[in-house]
Amino acid sequence: MSKESVLKKEFQEKDVQRLRNLMTGKHGDRTIIGVGYTKVEEFHKEGDIWETDGRKWTIKDGIKQNITKLDEAKKAINMPLFCPSCNTLMKKHADKRFYLQFKRCLTCQVDFEAELKLEGLWEEYNNVFINDNIDNTINEFEVWFEESLNSSNEDFITEAGDIESWVGSNKAKMLESKEETLKFLQSLKK
Ligand SMILES: [Zn+2]
């Protein structure tokens, strides 16, 4: 794996989990209804698809999401046949990961990184890359937060399969933990 991929992976796993903990754990009151169901609560687990209010939902990475959004995300990761940079045919397995991340093939990315190192720009590039990642995470977090806020009384299903209800009157606390989370994310920037 390239250095960026390792960094990206580390950032995502460690910090997305921390975000979740901030949002579902220490901050804001919540009531855990427990694993399983009550008569009114439907039980959904990772990967389930169901319909409420005429919209389709699923649980992905422990977070309730609107299906339309996931579909759009899927469309965005389609890989073209040819590398936009060198116009050679891309190999599905070798190049896909690089295309998704860098919008060019493996060979182009290797060349690009070699050139950066040669020019002494490697560290700067890495910092920009990390900051980009943080910005993306901040954007995703804001979208997720807005949705959470707007559906305060709907249930969230945690990775453990518990159903957690946000209590509507907790908006102030949620906003507080949002600020804290954003501050934390900003502080990770290089
Ligand atoms: Zn290429």
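This report walks through a predicted model of a single chain with a zinc ion, going from the overall layout to a few residues worth finding on screen.

**The overall layout**

Let's start with the chain as a whole. It has 190 residues, and 39% of them are buried. The secondary structure comes to 6 helices and 6 strands. Reading from the N terminus, the order of elements is α-β-β-β-β-α-α-α-α-β-β-α. If you take the contacts with a separation of 6 or more, 51% of them are between residues 24 or more positions apart. As for the outside, the chain exposes about 12100 Å², with carbon and sulfur atoms supplying 53% of that area.

**Strands β2, β3 and β4**

Next, have a look at residues 49 to 66, where three strands can be followed one after another. Strand β2 covers residues 49-52 and strand β3 covers residues 55-60; the two run antiparallel and are joined by 4 bridges. One spot to check is T52, which stands opposite R55 in β3.

Strand β3 also pairs with strand β4 (residues 63-66), again in the antiparallel sense and over 4 bridges. Here T58 has Q65 in β4 as its bridge partner. β3 and β4 form a hairpin with 2 residues between them. In that turn, D61 has a positive phi of about 55 degrees.

**The zinc site**

Now for the metal. Which residues supply the protein donors of the zinc ion? They are C83, C86, C105 and C108, each through its SG atom, lying 2.3 Å from the zinc ion. Along the chain, these donors follow the spacing C-x2-C-x18-C-x2-C. C86 and C105 link distant parts of the chain: C86 sits in the loop between α2 (67-76) and α3 (92-102), while C105 sits in the loop between α3 and α4 (106-118). The pair is 19 residues apart along the chain, yet the C-alpha atoms are separated by 8.1 Å.

What is the arrangement of the 4 donor atoms around the zinc ion? The angles they subtend run from 103 to 116 degrees, so the arrangement counts as tetrahedral. For orientation, the ideal angle for four tetrahedral donors is 109.5 degrees.

C86 is also in touch with other cysteines of the site: leaving out residues up to four places away in sequence, C86 touches C105 and C108. Even so, a search of the whole structure finds 0 disulfides.

How covered are these cysteines? Here are three of the zinc donors, with their relative accessible areas.

| Residue | Relative accessible area | Class |
|---|---|---|
| C86 | 33% | partly exposed |
| C105 | 3% | buried |
| C108 | 12% | buried |

C105 and C108 count as buried because their values, 3% and 12%, fall under 20%. C86, at 33%, lies between the 20% and 50% cut-offs, so it counts as partly exposed.

**Around helix α3**

Helix α3 lies between the two loops that hold C86 and C105. Within α3, the buried residues are D95, F98, Y99, Q101 and F102.

Both loops also hold a residue with a positive phi. Most residues other than glycine have a negative phi. N87 goes the other way, with a phi near 65 degrees, and you'll find it in the loop between α2 and α3. Is N87 buried or exposed? With a relative accessible area of 57%, N87 is exposed.

K103 follows α3 and belongs to the loop between α3 and α4. Its phi is positive too, at about 60 degrees, although K103 is not a glycine. K103 is partly exposed, with a relative accessible area of 44%.

**A buried lysine in α6**

One last stop is K178, in helix α6 (residues 171-187). Is this lysine buried or exposed? K178 has a relative accessible area of 10%, which is under 20%, so it counts as buried. What is K178 in contact with, once its neighbours within four places in sequence are left aside? The contacts are F141, E142, F145 and E146.

Terms used. Residues are numbered from 1 along each chain as its sequence is written. This is a predicted model: local features need pLDDT of at least 70, side-chain atom pairs count only at pLDDT 80 or more; totals for chains, interfaces and linings use all residues. Side-chain values use heavy atoms; hydrogens and water are left out. Buried means under 20% relative accessible area, exposed over 50%, partly exposed in between (1.4 Å probe, protein chains only). Contact means heavy atoms within 4.5 Å. A disulfide is a pair of cysteine sulfur atoms within 2.5 Å. Donors are N, O and S atoms within 2.8 Å of the metal (3.2 Å for Na, K and Ca); water is not among the atoms, so sites may look incomplete. Four donors count as tetrahedral if all angles lie between 85 and 135 degrees; four count as square planar and six as octahedral if opposite donors are over 155 degrees apart and all others between 65 and 115; anything else is irregular. Accessible areas come from the Shrake-Rupley method with a 1.4 Å probe; for residues, only the protein chains shown count as cover. Two strands pair if DSSP finds at least two bridges between them.
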